[in-house]
Amino acid sequence: MALQERQTGTDKRLLPLIGLVVALAGLSGAVSVAHLPSYGALTATLIWTALISLVAVGFTAKVRVRIRATNHYIAWTETAILIALAVAPAPVVILATGFGVAIATTLARLAPIKRVFGVAKNMLIATAAGVVLQLFAWSPTSPDVAETAVALAAAYLAAVLLDEIITMPVIAMATGTSLRKLVHENWDVRLTAALTRPVVIIGTILVVRINFQWLLALPPLVLSLHLLVSTRVRSRTEQKAWQRLAQTTDALNVVELDEVLTTAVTRAAELFSADEVEVELRDDDRVVRGGADGVTYDGPAAEPTTVQGAVVPARLEGHDKTVDVGMLRLRFRGPVKLSEREHYTLYTFASALCTAIRNAQAYAELARVAQAHAHDATHDALTGLPNRRHLLDAGNDHLNQRHADGVTALVLIDLNHFKEVNDTLGHTAGDQMLAAVAERLRAAAHAEDLVARLGGDEFAVLLRALPAPAVAAHRAETLLAALHEPFDIDGMRLNVEASGGIAAAPATGGMVELLRRADVAMYQAKRAGQRLASYASARDTADLGRLTLGGELTRAVADHEFTVKFQPIVELGSGEVIAAEALARWRHPTHGMIDPLRFLETVERSGLLPAFAEAILDQALIAAGTWRDAGFDVPVAVNVSPRSLLDARFPGSVLARLRAHDLPPDRLILELTETLTLSQLDVVDQVLTRLRDAGVRLALDDFGTGYSSLSLLSRIPVHQLKIDRSFVTAMESSTEAAAIIRSTLDLGRSLDLAVVAEGVEREAQRRTLWELGCTSGQGHLFARPLPAGTLLAALQRGTGDRTGCLAVALHDAGAVVRLPQGRRQGGRGRHQPA
């Protein structure tokens, strides 16, 4: 078997290999000339004519196999050489092979260098086969048929292997094909030819032994056998080609356009043995190029290709030729001519590709329409924001994952008096305002937040990954502040007022419960005239347990079921107790200890608030007197209900209780919450002014968690600020919480106010707060809420040899402490807690 190349140019990388083959063939030819036997004129003419024509016919009779731009042929050259060696000496056969191949390549009009390579390669094949026969000491006159068969088979094997060794690297270099892939390609066809031709060779030798003159009949016989074999090979090749076409068209049956184009490029490169395949989509101005190894370019059609040579185009049109989606181009680095079968395969493939592209485009359009419908179903048409359905679905997904990276909260925002805009300016102006509100909320929200429109003038913002629950109030304030600036609607500047409700995600109930709680908080804000309110279960009218407890309040007050525990407030630097906060508890005979959040609002609404407040205040003042008598002059802090501050009789009641327990007014600190609204401050001012003038000190509790902090400070000259525990808990992991603490401390220093940090639970928090300039703190690091007697015992016991202290000092007494730059300890005058 021989593989002969037909291409117009030879890569320079092939020249050394070709040169080696020619040099070895030249050496073999020279040796053969030196060892030529002598014949008579007639015999010489007969032998040389028969051998040369036999080789020429064997070389010419071949089956074409195209690899990219190069045609390769399975020929009968080795068969002709072996038959010639069986009837003539090796030197004669080597030279006759050279002459025969030279004549055949000249008639085929091959390039000179390819003629030389063809002649040299086949002379080396004849040399190898002759050497093997010599090694077997085989003689053409040997009568042993088995010996003849073995020797000829070995010689034929040597010829075939040498042909593969010489030819395969040349083909691989010339076509840029992997040598391993080339060896595996058409291996079955080559193997079939390799196994059948030794039978032809041995049979021919036996016939020639009967009559040497029959040698002249061999060329027509070989040609006839070639026609038979080539027909079968061509039939099998075409069968495999159709199978590959069917597999390729099946592979195009996908719905993703990119996958269709990638499959088309890679499969077509293998199917047509092309150097590059290009698919151009006309409407998309898109070109995809690549080869068997994958896509190499995907972009605008203007970008030129790097593969220069022959181009075989095919329109991507349907069978009816009414649709033209683009063009398929096969590119080859050299000249190529497709067979009739390949042309038909190309047009069949192009038609299948056209159908696949149209199907993928139709699927993409359906997917786009479905996505648009899905988007419309989950988004508000006016603002483009997610709607209630999307908020519930996305929120439930988030809550079900139970993220450990923060707190989830919901802010519900309702525009006040929006109906007046619609009624006065029309629905078009109202729609413009809603769209503008949506845009501002979207801009003010964080990247991880989800802004939604629930309908009408109601919006919601799902806050995710919050460092602490209290941060939700600051985020909500930022959202509401974004609506503060006037809106330009049809040339008019309109102001928007909004109310907001905040709720943290509950342990159960999912988004439905979270949305309900935020709604409760929002309506609490509206009823109280506030801009923002946080959800509290104690104020939730849906809390049946709270309603049940409300019926037992009268008995609880009469039976003194309300008790007080005290949590000490400590000077952070020294560990000394400087005050204690009174915390009300309900010791229920059935339910045990009940948290104040569950009953305080019920108390406020029940009409029992004055009696309840007096009971708590009495217990707190009794405890303070007991501590004073024991040598510990510790002020007591009592939380005050906003409703109490609206009662003009409240100051007189407080001062009367102080006189009754013989305590100076400055030993009492009243802690106010930020739920007070500016509309109430005119009444509250009178109450607080009387208390403050009498010497009672005032503290603003949970500072930073309400929107009105600065507004309150401008109206109520308090003595003390208390940082909410959620900021202290989150300050080491949240820059936002740490910034709020620093801002509060800076504000305290600017206004000469004491600052107390709540929720101090670790020594590292204590030290960090002290270094920031916070002088006082309370929390579980020092003590949990204790009965008055237990706290007194703790004061008497002290820490080490220091009574009145609950923690080791951060520095030795009298030591020089280098404080951070800018830190200044607040004054100890009337603004200090002790």
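This is a short tour of two helix packings and one loop residue in a predicted model.

Numbering starts from 1 along each chain as its sequence is written. Because the model is predicted, local features need pLDDT of at least 70 and side-chain atom pairs pLDDT 80 or more, while totals for chains, interfaces and linings use all residues; side-chain values use heavy atoms, without hydrogens and water.

**Stop 1: α3 and α4.** Select residues 77–87 (helix α3) and 90–107 (helix α4); their axes come within 8 Å and cross at roughly 150°. That makes α3 roughly antiparallel to α4 (angles over 145 degrees). Show I81, A84 and L85 of α3 with A90, V93 and T97 of α4, which make the contact (heavy atoms within 4.5 Å). These residues divide into 5 nonpolar, 1 polar and no charged.

**Stop 2: α3 and α5.** Keep α3 and add residues 112–135, helix α5: the two pack at about 45°, with axes 10 Å apart. α3 and α5 are therefore oblique to each other (angles outside the under 35, 65 to 115 and over 145 degree ranges). From α3, T77, E78, I81, L82 and L85 meet N122, I125, A126, A129, G130 and L133 of α5. By class, this contact has 7 nonpolar, 3 polar and 1 charged residues.

**Stop 3: Q778.** Go to the loop between β23 (776–777) and α28 (788–797), where Q778 sits. Q778 counts as buried because its relative accessibility is 1% (buried is under 20%, with a 1.4 Å probe and protein chains only). Now add E581: its side chain makes a polar contact with that of Q778 at 2.9 Å (N or O atoms within 3.5 Å, one able to donate a hydrogen and the other to accept it). Beyond four places in sequence, Q778 also touches other residues, including Q567, K722 and V756.

Key. Axes fitted to C-alpha atoms, helices over the stretch in contact; angles between N-to-C directions. Helix = DSSP H or I, 4+ residues; strand = E, 2+ residues; numbered from the N terminus. Nonpolar A, V, L, I, M, F, W, Y, C, P; charged D, E, K, R; others polar. Buried < 20%, exposed > 50% of the residue type's maximum accessible area, 1.4 Å probe, protein only.
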